[in-house]
Amino acid sequence: MRPDRLPVFAATALGGAVGAMVRFGVWQVRDTARWSMLSTFAVNVVGCLLLGAALGYLSGSRLPVVRAAVLGLACGFTTFGFYAVHGVTYDAAWHSVMYIVATPVLSVVALAAGALITRPAVART
């Protein structure tokens, strides 16, 4: 890493840490499966809205540390923000559509595969 980029990396890390703590705090409000799903959905939607608004507001500005902090905060807060940013900022429309559709589908398949692979064998009597 170039030394002149250190403030941008630090701002991203700090923003990400704060965002992750806030997200965890929201998840801790209740300890139910329904709350986990609803709060994750809300965090993703609200976080993406705030990320889009902040990046739109900061577009064209010469504040790379502020942009990095906002990106870190939103992407640490959401579990979806960086995925959404890539989906809407990539230049090739067809690739963006494929990325937006394939990512959640393949991620859920990968999650299920990982769980199946690592699940302990049930002892049969």
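**Questions about the labels in this model**

Biologist: Why is Leu50 called exposed?

Modeller: Leu50 has 52% relative accessibility, and exposed means over 50% relative accessible area, while buried means under 20% and partly exposed lies in between (1.4 Å probe, protein chains only), so Leu50 counts as exposed. Please keep in mind that this is a predicted model, in which local features need pLDDT of at least 70 and side-chain atom pairs count only at pLDDT 80 or more, whereas totals for chains, interfaces and linings use all residues. Residues are numbered from 1 along each chain as its sequence is written, and side-chain values use heavy atoms, with hydrogens and water left out.

Biologist: What makes the place of Leu50 a helix?

Modeller: Leu50 is found in helix α2, which covers residues 33-58, and helices are DSSP runs of H or I of at least four residues, as strands are runs of E of at least two, numbered from the N terminus. Leu50 and Gly76 are 26 residues apart in sequence, and their C-alpha atoms are 13 Å apart in space.

Biologist: Is Ser39, in the same helix α2, buried or exposed, and how do you know?

Modeller: Ser39 has a relative accessible area of 3% and therefore counts as buried. Leaving aside neighbours within four places in sequence, Ser39 is in contact (heavy atoms within 4.5 Å) with Val26 and Trp27.

Biologist: What makes the approach of the Ser39 side chain to the backbone oxygen of Ser36 a polar contact?

Modeller: The distance is 3.3 Å, and a polar contact is a pair of N or O atoms within 3.5 Å, where within protein one must be able to donate a hydrogen and the other to accept it, and residues adjacent in sequence count only if both atoms are side-chain atoms.

Biologist: Why is Val22 called partly exposed?

Modeller: Val22, in helix α1, has a relative accessible area of 42%, so it counts as partly exposed. Its C-alpha atom is 6.4 Å from that of Phe77, although the two are 55 residues apart in sequence. Val18, also in α1 (residues 6-27), counts as partly exposed because its relative accessibility is 33%.

Biologist: How do you know that Arg2 and Asp4 form a salt bridge?

Modeller: Their closest N and O atoms are 3.0 Å apart, and a salt bridge is a side-chain nitrogen of Lys or Arg within 4 Å of a carboxyl oxygen of Asp or Glu. The structure holds 1 salt bridge.

Biologist: Why is Ser96 called buried?

Modeller: Ser96, in helix α5, has 8% relative accessibility, so it counts as buried. Not counting residues up to four places away in sequence, Ser96 touches Gly87 and Tyr90. Gly87 is itself one of the buried residues of helix α4 (residues 81-89), and what covers the buried residues of α4 includes α2, α3 (64-77) and α5.

Biologist: Is Val105, in helix α5 (residues 93-118), buried or partly exposed?

Modeller: Val105 counts as partly exposed because its relative accessibility is 48%. Val105 also belongs to a nonpolar surface patch, among whose members are Trp94, Met98 and Val109.

Biologist: Which annotation covers residues 35-58?

Modeller: The unreviewed UniProt entry annotates a "transmembrane region" there, and also at residues 65-85 and 97-117; such annotations may be inferred rather than shown by experiment. In the model, residues 35-58 are 100% helix and 0% strand, with end C-alpha atoms 33 Å apart, while residues 65-85 are 86% helix and 0% strand, with end C-alpha atoms 18 Å apart.

Terms used
Patches are made of residues with over 30% relative accessible area and no salt bridge: like charges are joined within 9 Å, nonpolar side chains (Val, Leu, Ile, Met, Phe, Trp, Tyr) within 5 Å. Accessible areas come from the Shrake-Rupley method with a 1.4 Å probe; for residues, only the protein chains shown count as cover.
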